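Good morning, and thank you for joining this session. I would ask you to keep the sequence and the structure in view while I speak.

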Amino acid sequence: MKWSGLVLGAGLLFVRGDLLAQAPVVREPPPVDGAQAPKDPDDVVSPPVVVTQTGGKTNGSQSGSPTGGFPTIKVETRLVNVALNVVDAKGSPVGGLGRDDFEILEDGKPQKIAVFEKEATTPLSIVLAIDASETVLSSERLEKEAAKHFVRALLREQDELDLMEFADVVREIVPFTNQPKRIEAGLNQIQHGDATALYDAIYLASDRLAGTSAANGRRRVIVLITDGGDTVKGARYTQALEQAQRAGAMVYSIIIVPIYADAGRNEGGEHALIQMAEDTGGKYYYVVDPKDLEPAFAHVSDDLRTQYLLGYYAPRRGADNSFRQIKVRMADAELKGKYDLRYRSGYYADAR
């Protein structure tokens with residue numbers, strides 16, 4: 001990546017709006033002194049599901065007026081959805097498994113699986129974020145065509161996709177839509193830059209995803225096309241990862257490299273993206289030849305289409321902003337070492 005010499009100290013440019021009227025909006029980047037990123041006042045836990053029980057004796061706290069002499073007990077719970085990919089030793093998806101084939105734990109404690117789908121059909125909210133620096137967009141026509149084919153193949157009526165570019169700044173070209181033609185038109189609006197605000201892009205993409213509806217088990221996804229370099233003084237890796245985890249976003253990285261043995265490769269940035277994919281339940285793919293972009297997009301699409309969806313109700317523990325660890329394993333001891341399970345490592349209790 002080329003260093004542009006541009007210092008974004010005053011804030012991060014983030015453009016919202018449609019293709020006909022794009023009004024720039026200056027947004028404060030997260031702090032860079034290692035402190036936790038500031039929370040948006042609206043970025044709070046979604047209203048808990050209220051489970052009401054009536055009748056009988058309980059030791060729980062009581063609320064509301066008795067009905068017919070029986071108190072009403074309200075217990076706050078929260079549905080935690082976990083998208084899960086299961087593959088065999090060859091990396092091929094494993095289908096046909098049932099609810100009883102899995103066990104799920106939160107912070108080491110077994111949880112009852114309340115929601116299960118063999119092949120996830122839940123809606124998708126996707127942010128497609130494209131590195132627009134000169135060193136990545138080397139074969140622009142091929143890259144745009146691959147992205148267009150990905151959008152056409154993936155988007156269903158219940159899905160939505162947001163298109164962003166990032167170079168010196170992060171720019172939202174097309175806000176969430178399920179109309180492929182709008183995305184295709186937006187791909188033609190990409191503007192080249194010199195620097196690379198990679199972690200700012202992940203941070204802001206996660207922020208946009210956090211604002212999408214969580215109804216119907218919606219899955220949130222970030223798809224990045226980049227070489228892994230970050231050359232802008234903005235969000236750090238840890239802040240970008242936390243924001244992605246708070247949004248429950250799976251990060252898929254299509255990593256562009258010139259040649260595998262190139263001494264100028266940003267291997268540190270690549271490893272950071274690989275780790276982020278593992279922590280969020282996403283995946284990464286290397287692309288050396290621009291012609292391989294389309295197969296990489298196809299792998300992302302297939303991955304999202306072959307996921308299981310597991311959900312469990314986690315009880316509230318009062319005022320809690322901790323990171324809760326999730327573990328999914330095969331219930332059959334003989335299968336525990338046979339299949340590879342990929343899913344997010346956990347969630348923040350106070351996030352949506």
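Let me begin with a term: a residue is called buried when its relative accessible area is under 20%, exposed when that area is over 50%, and partly exposed in between. Please also bear in mind that what you see is a predicted model.

With that term in hand, consider helix 4, which spans residues 237-247. How many of its 11 residues are buried? The count is 10, and the helix is accordingly described as mostly covered. The buried residues of helix 4 are Tyr 237, Gln 239, Ala 240, Leu 241, Glu 242, Gln 243, Ala 244, Gln 245, Arg 246 and Ala 247. Against what do these buried residues pack? Their partners are helix 3, at residues 198-210, together with helix 5, strand 11, strand 12, strand 15 and strand 17. Directly after helix 4 comes Gly 248, with a positive phi near 65 degrees.

I turn now to the protein as a whole. It contains six helices and 17 strands. Of its 352 residues, 51% count as buried. The exposed surface amounts to about 16,500 Å², and 51% of that area is supplied by carbon and sulfur atoms. As for contacts between residues at least 6 apart in sequence, 76% of them join residues at least 24 apart.

Next, the sheets. One open sheet has six strands, in the order 10-9-8-11-12-13, and its pairing is mixed. Its edges are strand 10 and strand 13, the latter at residues 283-287, and each of these pairs on one side only. From one strand to the next, the twist averages 15 degrees. Helix 6, at residues 293-305, packs on this sheet and touches strand 8, strand 11, strand 12 and strand 13. The direction of helix 6 makes about 165 degrees with that of strand 12.

Within this sheet, strand 8 (residues 124-131) and strand 11 (residues 219-226) pair in the parallel sense, over seven bridges. Leu 128 has Val 223 of strand 11 as its bridge partner. Strand 9 (residues 160-166), by contrast, pairs with strand 10 in the antiparallel sense, over five bridges. A hairpin of three residues connects strand 9 to strand 10, and Leu 161 has Thr 177 of strand 10 as its bridge partner. Is strand 10, although an edge strand, enclosed or open to the outside? Eight of the eight residues of strand 10, at 170-177, are buried, so the strand is largely enclosed by the rest of the structure.

The second sheet I wish to show is also open, with four strands in the order 6-5-15-17 and antiparallel pairing. Strand 6 (109-111) and strand 17 (346-348) are the edge strands, each pairing on one side only. Neighbouring strands here are turned against each other by 30 degrees on average, direction ignored. Strand 15, at residues 323-330, is joined to strand 17 by three bridges, and Gln 325 stands opposite Gly 346 of strand 17.

Let us move to the nonpolar interior. In soluble globular proteins, nonpolar side chains tend to be buried together. Here, the largest nonpolar core has 35 residues, and Val 223 and Phe 297 have the most contacts inside it. Which residues does Phe 297 touch, beyond those up to four places away in sequence? They are Leu 128, Ala 146, Ala 147, Phe 150, Val 223, Ile 225 and Ile 254. A second, separate core of 34 residues includes Ala 195, Leu 209, Ala 240 and Ala 247.

Finally, two individual residues. Arg 342 lies in strand 16, at residues 340-342. Why does Arg 342 count as buried? Its relative accessibility is 15%, and the cut-off for buried is under 20%. A polar atom of the Arg 342 side chain lies 3.3 Å from the backbone oxygen of Gly 281. Leaving aside neighbours within four places in sequence, Arg 342 is in contact with several residues, among them Tyr 252, Gly 281, Lys 283 and Asp 303.

The other residue is Gly 269, in helix 5, at residues 267-280. Gly 269 is buried, with a relative accessible area of 5%. From C-alpha to C-alpha, Gly 269 and Ile 255 are 9.7 Å apart in space, and they are 14 residues apart in sequence.

Key: Residues numbered from 1 in each chain as written. Predicted model: local features only at pLDDT ≥ 70, side-chain atom pairs only at ≥ 80, totals over all residues. Heavy atoms only, no water. Pairing = 2+ DSSP bridges. Helix = DSSP H or I, 4+ residues; strand = E, 2+ residues; numbered from the N terminus. Axes fitted to C-alpha atoms, helices over the stretch in contact; angles between N-to-C directions. Buried < 20%, exposed > 50% of the residue type's maximum accessible area, 1.4 Å probe, protein only. Polar contact = N/O pair within 3.5 Å; in protein donor to acceptor, adjacent residues only side chain to side chain. Contact = heavy atoms within 4.5 Å. Core = buried A, V, L, I, M, F, W, Y, C linked by side-chain atoms within 4.5 Å. Areas by Shrake-Rupley, 256 points an atom, 1.4 Å probe, with all protein chains shown as cover.
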